[in-house]
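Biologist: Could you take me slowly through the surroundings of one bound molecule in this model, and then set them beside other parts that help me read the picture?

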Amino acid sequence: MEKLIACCGLDCATCDARIATISDDDELRSQTAEKWKVQHKAQGITPEMINCTGCREAGVKFGHCSQCEIRNCVKSNGFKTCADCDKLETCSLLENLHQYVPEALANLKSLN
Ligand code: SF4
Ligand code: SF4
């Protein structure tokens, strides 16, 4: 499957929010909301909020992703992703994410 690498390195192509949005799948929206409530300790997530076409794609964004500090930083620097930044391996904004999802860092490195 073609990857859609987000600013932070996550692969939006495999994200359930994007898959549910592209296929307009309400059942997957409900399942994703339930899963993300637990994963992100965010009880306020509802199925209606699960709409996103991807970090760097045109169209609707999941609420958090539209306000994401990493995404905002990439955009304000005029980069495509954090792979374009010389702080890629030292950035405090990326540290937690890349600790828990090392594939995201690998995805960014594969772009260079
Ligand atoms: S930007 Fe959208 S598709 Fe990409 S990881 Fe975030 S919610 Fe998923
Ligand atoms: S400082 Fe660089 S590596 Fe950190 S979030 Fe901004 S663009 Fe990404």
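Modeller: In this predicted model, the shell around ligand 2 divides into 10 nonpolar residues, one polar residue and one charged residue. The residues that make up this shell are Ile70, Cys73, Val74, Asn77, Phe79, Cys82, Cys85, Lys87, Leu88, Cys91, Leu93 and Leu94. Two helices, α4 (69-76) and α5 (92-100), are the elements that give two or more residues to this shell, and α4 gives the most, with three residues. The polar member of the list is Asn77, while the charged member is Lys87.

Ligand 1 can be read in the same manner. Around ligand 1 you will find Ala6, Leu10, Cys12, Cys15, Ala17, Arg18, Cys52, Gly54, Cys55, Phe62 and Cys65, and these residues divide into nine nonpolar, one polar and one charged. Here Gly54 is the residue counted as polar, and Arg18 is the charged one.

A last place to look is Asn107, which lies in helix α6, residues 102-110. Asn107 counts as buried because it has 20 C-beta neighbours inside 10 Å, and a residue is called buried from 20 such neighbours upward. Leaving aside residues up to four places away in sequence, Asn107 touches Lys3, Ile5, Gly9 and Asp11. With Gln31, on the other hand, the C-alpha to C-alpha distance from Asn107 is 26 Å, and the two are 76 residues apart in sequence.

Note on methods. Residues numbered from 1 in each chain as written. Chains lettered and ligands numbered in written order. Predicted model: local features only at pLDDT ≥ 70, side-chain atom pairs only at ≥ 80, totals over all residues. Near = placed C-beta within 6 Å. Helix = DSSP H or I, 4+ residues; strand = E, 2+ residues; numbered from the N terminus. Buried ≥ 20, exposed ≤ 12 C-beta atoms within 10 Å, placed from the backbone. Contact = placed C-beta atoms within 7 Å.
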